[in-house]
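Hi,

Here is the structure I promised to pass along. Have a look at it first, and my notes follow underneath.

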Amino acid sequence: MTEAQVVRIKWALEAKREELVADIRKQVSELAIGDSVHDPTDQIQNMTQRDVAVDNLHRLSQTLSSVEHSLGAITDGCYGCCVECGEPIAPRRLEIVPWATHCIGCQAHLEQVVTTSNSRAELPRLSLGDREAA
Ligand SMILES: [Zn+2]
């Protein structure tokens with residue numbers, strides 16, 4: 001990686017970090033607004049909005065930690081290495097997602113694990129629903 005490339009990546013990461021911090025602040029303020037409403041219909045709508053805000057916060061904070069990790073990796077000289085297998089992440093992938101912490105293979109594996117654990121988490125709720133219906 002050339003000096004110019006490093007500067008460009010750092011700049012992109014720092015811009016993304018600022019954007020994420022602003023988004024996180026916005027989502028947190030949306031969570032706070034929900035407490036002041038007393039009408040049940042508005043409360044339900046607020047709860048739905050809160051769920052969305054919580055999901056967004058989770059996603060944003062995950063991306064933020066990837067951005068922080070990548071900035072740290074530049075300093076350590078190991079930027080662009082997969083945190084899972086240590087193999088270099090494809091430059092094309094880093095061009096699109098400069099804060100990528102996993103190579104494409106490990107990322108695919110990770111997403112598969114997340115999907116599997118999510119569907120497993122749905123099971124107890126489903127069986128509980130069946131019992132309530134009977
Ligand atoms: Zn990997």
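**What I found**

Read from start to end, the protein chain runs α-α-α-α. That makes four helices and zero strands. Please keep in mind that this is a predicted model.

On confidence, the mean pLDDT of the protein chain is 85, with 84% of its residues at 70 or more. The stretch to watch is residues 121-134, where pLDDT is below 50 and the model shows zero contacts beyond near neighbours in sequence. Where pLDDT is low, the predicted coordinates should not be read in detail.

Helix α2 covers residues 40-76, which is 37 residues. From first C-alpha to last, α2 reaches 52 Å, close to the expected 54 Å. Its buried residues are Ala 53, Ser 66, Val 67 and Ser 70. Just after α2 comes Gly 77, with a positive phi near 80 degrees.

Val 67 also turns up in the largest nonpolar core, alongside Ile 9, Leu 13, Leu 20 and Trp 99. Helix α1 (residues 3-33) gives the most to this core, with three residues. Leaving aside residues up to four places away in sequence, Ile 9 touches Ile 74 and Pro 98.

Two numbers for the chain as a whole: buried residues make up 12% of its 134 residues. Among contacts with a separation of 6 or more, 52% join residues 24 or more positions apart.

Best wishes

Key
Residues are numbered from 1 along each chain as its sequence is written. This is a predicted model: local features need pLDDT of at least 70, side-chain atom pairs count only at pLDDT 80 or more; totals for chains, interfaces and linings use all residues. pLDDT is the predictor's confidence in each residue, from 0 to 100. Two residues are in contact if their C-beta atoms, placed from the backbone, lie within 7 Å. Helices (H or I, at least four residues) and strands (E, at least two) are DSSP runs, numbered from the N terminus. The expected span of a helix is 1.5 Å times one less than its number of residues. A residue is buried if 20 or more other C-beta atoms lie within 10 Å of its own, exposed if 12 or fewer, and partly exposed in between; C-beta atoms are placed from the backbone. A nonpolar core is a set of buried Ala, Val, Leu, Ile, Met, Phe, Trp, Tyr and Cys residues joined through C-beta atoms within 7 Å.
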